[in-house]
Structures are given as C-alpha cells and as structure tokens.
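This briefing is meant to be read with the model open beside it, one topic at a time. Please take a moment to turn the structure around before going on to the notes below.

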Amino acid sequence: MNKKVRVIVSGFVLLVLLLSLGACSSKSSSGSAGGKNEIVFWNPFTGPDGKNMKAMVDAYNKTNPKYKVKNISLAEGDMYAKIPTVVNSKRNIPDLNIVHAERIKQFVDKDMLVPMDNYLSNYPDIKAENYIKAGWDIGSLNNKRYSVPLDVHSFVMYYNKDLVKKYAPNALDDNIVTYDEIKAAGEKAKKDKIIAMPVTWMKPTFLSVYSQMGGSITSDGTQPTLDTAKAADTLKLYNDMVKSGITNKDGQDAGQTFKAGKAIFYPEGIWMQNDVKSAKNLNWGMTNFPQLSDDKNKMVNWSSSHQFVLLKNPERDKKKTEGVMKFIDWVKDNSLPWAEAGQNPAALATLDNPDYQKMPQSFLVKDATEQKSLKIFDYKYNGYVSEQLDKIGNDTVFGKLDIHKALKSAQKTVEDKIAQDK
C-alpha cells in the first residue's frame, strides 16, 4: 500500500471511529440505561423468586402502559457493586431499582438516591395506611420518602409435624419454640439418628438471637458493637448445640437433611417454602424463629424488606419517572404472585386476598404482636456487619474459629471500613 492510499484509509477509519463515538455519546447522554419508552428495572431476584417478578412485570406490560418495564435481575453482590459505579459515572443508570432496606440510610448519606415525594403526590394511595408498618417506616429519612416497600421478608422456622408430635409434642402449643424445647427434643431424637435443628444462615440467626439477648449491632447509630459478651454468648449457644450432637455436621446440607425427614426443625427464610414444598411425603409447617423466651412480646423475627428506589440521575426523565410510579402503584394492587414466591407483600391490599390468607407465611402479619416481632436492622453500616457475620458465623459455630478472636476481628474490620467511608 503506497503512502497516499495509507493516508486516505487512515482518514476514513478515523472518521468512522469519531462518528461511532458520537453515536455512543448521543445514545447515553440522558444517563439512563433504557430506551425512550422503556423503564430499566434492576433487582436482585436471581433465585426462584425471579420467575415470579418476571411474571409480574410481564403482566404489567400487557396492560399496554406508555412506558414498558424491562426486568433485569442481577446477582446481589454484582448489583451493589454496579450501583455506585453507574451513579458516579452518571451513565447507564437504571430508571428503577430494588435495594434491601438496610442499604437505604447509607445510600442517602452518600447522596445516591432521589426523594420520591414530588412524584408520589399523584399517587395518594401509596401511603403509610396501605402498607405494613415495618416496611413503610424505613423508607422515610429527614422528612423525605426515599423508597416504597415491595415486601417484608422474614427468617422463620419450618418444622416436621410428624417429628414434632414424636419428640416435642407440646412445643408448638403457643406457636413459639424455645431453644430449651429444641435442645430437649434433640436429646430425645438422638437414638433415632434424628437431629433437632441444622445450622443454617448465621447472619439472620445471629442478629435475631443477639437482639433477643438485649444486644445491638451499634451503640450510637455509627459505631458497631460486635465484640461484646452477648455477641459471644449468641455464637456459643449454637456452638454448644453443635458439640452436643443435636445439629447437622459441618458441610452437611441443612435443607436436604430437613427434606429427607432427618431434622425436627429448620430455620430458614419464608422465601424458601417452594423448596420445602418440593420434598416428597414431608408433612411440614411454619412458625416463628426460635426464641429464648416464650413471652410473645419479646419475640424477634429477623426481617428485611425489598424496597423500590430511584437512583440519583441529574438528567432523570420526569415523564419516564411518572411511568415508574405508575408501575409501583400497579404492584401495590397486584402482588399475589410475589406472595406465591413465599414472600409477604408489604401492600395491605394483597394481605386481604383469601388466597394469600391460606399461605403459611401470612401468620406473621395477621396480628399486631406478630407484626411487632418483625425487626429490620436498619443500621446504615449493616452491609459491612453482614459481610463479617457471613464470614465468621458458621466457622465459629463449628469450632473452626475462636469466638472471641473472630468477633474482635469483625469489629475492627467494620470500624476500618466505616473510617474509609468517612
């Protein structure tokens, strides 16, 4: 190729490249990830419940709204990693997002969320009276509303009705199973190679028991309080049950153990009931998470809430955001498929549905005492605490880590991350 031809070709390539970059810049200039009449909706529903959310979005889109919803389910860790990146870059920001309730305070502090008040003025039915209190209250900060709840999901306990009848016949008379009753049932069942209860997800387990003991994960709303005597007693409670042989062994699948009829009780989320239903010939029920006391007024059922939020976008399309609110309003009255995924929808309209009333998880919202037991840990650094509890929980309970050393390390790690944030 001679010099003149090379110059012409190079110039042509450069022109194409510039035109391409210009097109890309034009396409993303609004900052939104979606098209003109499309609402991009990010959520962390990659499990079985993701199918239910997709079905809800599909049903909404069939109503022929001006702005159709594009459902994008991301792995939870990936989604939370992407959110600050897109907000800071001001590009490819989703029009609507679901985040866990515990994240809202930190997101507001980091100026990553937009208040919804102005948009909600056109939707008077999206108000406190129409939602479960635990889910609604957490979205209000500094007299502004930053979120609308989709659900309130809780960590409860499944039980094998046949094994309860045999080993703990009176444990469920008051719908509260205490740890003392669990231990007694486990000792009776040992001879039959049946365990009392497997060790499951230690984060909600720890938080529930720690709270029952009077512990708190923060002393002042900022500093964590993980390295305490009550925190150590919480982990020791489970470590002692492991040592006594009434739980599963390390590495043994908790869910399979219960579904195989080899465990009397099974602490898990209400969202896992479809998995429990898949077990053949399993006669099961659902009750409150294990308690230290049989006093109903002292009950703690760890809970969280998936919340609709608007990520900050300097060029947010107001008309499209009105379309977002229309979708949220529609969800309020059409959440039965979400209940069928095992969740407790936050909107009271669904809770009155006769089909919902028959669902096992509905007991948590049928009376004021149960609703009061739903505790959302809304510490703004809850994400950092959760990471550490997931890291040390099972290893301390199964004796791989020293409890006191692990809590001390967790405390320091959270403190260091908070310092970096500041």
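Helices and strands are taken here as DSSP runs, a helix having at least four residues and a strand at least two, and both are numbered from the N terminus. With that in mind, this predicted model can be described as a protein with 19 helices and twelve strands, in which helix 18 gives the most to the lining of the largest pocket, with five residues.

**Overall build**

- The protein has 422 residues, and 52% of these count as buried.
- Taken along the principal axes, the C-alpha atoms fill a box of roughly 90 × 50 × 45 Å.
- The accessible surface of the protein comes to about 19700 Å², and carbon and sulfur atoms account for 50% of that area.
- Among the contacts in the protein with a separation of 6 or more, 79% are made by residues that stand 24 or more positions apart.

**The largest pocket**

- The largest pocket holds about 690 Å³ of space, and of the 27 residues that line this pocket, the closest to its centre are Glu 76, His 100, Trp 201, Trp 271 and His 306.
- Helix 12, strand 10 (301–304) and helix 18 each supply at least two residues of the lining of the largest pocket, and the five residues from helix 18 are the largest share given by any of them.
- Sorted by class, the lining of the largest pocket consists of eight nonpolar, eleven polar and eight charged residues.

**The cavity**

- When the whole structure is searched, one cavity of 30 Å³ or more is found, and the volume of the largest cavity is about 40 Å³.
- The residues that line the largest cavity are Tyr 131, Val 148, Pro 149, Leu 150, Phe 308, Ile 328, Val 331, Lys 332, Ser 335, Ala 346 and Ala 347.
- Two elements, strand 6 (148–149) and helix 13 (318–333), give two or more residues to the lining of the largest cavity, and helix 13 gives the most, with three residues.
- By class, the lining of the largest cavity divides into nine nonpolar residues, one polar residue and one charged residue.

**Salt bridges**

- Side chains of opposite charge can pair when their charged atoms come close.
- The structure holds 17 salt bridges, and one of them joins Asp 137 to Lys 133, with the closest N and O atoms 2.7 Å apart.
- Asp 137 and Lys 133 both lie in helix 6 (residues 133–137), where they are four residues apart, or about one turn of the helix.
- Are the two partners in helix 6, Asp 137 and Lys 133, buried, partly exposed or exposed? Asp 137 is partly exposed, with a relative accessible area of 37%, whereas Lys 133 counts as exposed at 57% relative accessibility.
- A second salt bridge is formed by Lys 400 and Asp 250, whose closest N and O atoms are 2.8 Å apart. This pair links distant parts of the chain, 150 residues apart, with Lys 400 in the loop between helix 18 (382–397) and helix 19 (403–421) and Asp 250 in the loop between helix 10 (229–243) and helix 11 (254–259).
- Lys 400 is exposed, with a relative accessible area of 53%, while Asp 250 counts as partly exposed at 43% relative accessibility.
- Another salt bridge is the one between Asp 275 and Lys 259, in which the closest N and O atoms are 3.0 Å apart. Asp 275 lies in helix 12 (residues 273–277) and Lys 259 in helix 11, so this pair ties together parts that are 16 residues apart in sequence.
- Asp 275 counts as partly exposed at 28% relative accessibility, whereas Lys 259 has a relative accessible area of 15% and is buried.
- Lys 166, Lys 191 and Asp 192 are joined into one network by salt bridges that share partners.

**A buried serine in helix 9**

- Ser 211 lies in helix 9 (residues 202–212), and this serine is buried because its relative accessible area is 16%, where buried means under 20%.
- Which residues is Ser 211 in contact with, leaving aside its neighbours within four places in sequence? With those neighbours set aside, Ser 211 is in contact with Val 300, Lys 375 and Phe 377.

Technical notes: Residues numbered from 1 in each chain as written. Predicted model: local features only at pLDDT ≥ 70, side-chain atom pairs only at ≥ 80, totals over all residues. Heavy atoms only, no water. 1 Å grid on protein atoms, 1.4 Å probe; cavity = no way out; pocket = protein on both sides within 12 Å on 5 of 7 lines; lining within 4 Å. Points joined across faces, edges and corners; volume = space filled by probe spheres on them. Nonpolar A, V, L, I, M, F, W, Y, C, P; charged D, E, K, R; others polar. Buried < 20%, exposed > 50% of the residue type's maximum accessible area, 1.4 Å probe, protein only. Contact = heavy atoms within 4.5 Å. Areas by Shrake-Rupley, 256 points an atom, 1.4 Å probe, with all protein chains shown as cover. Salt bridge = Lys/Arg side-chain N within 4 Å of Asp/Glu carboxyl O.
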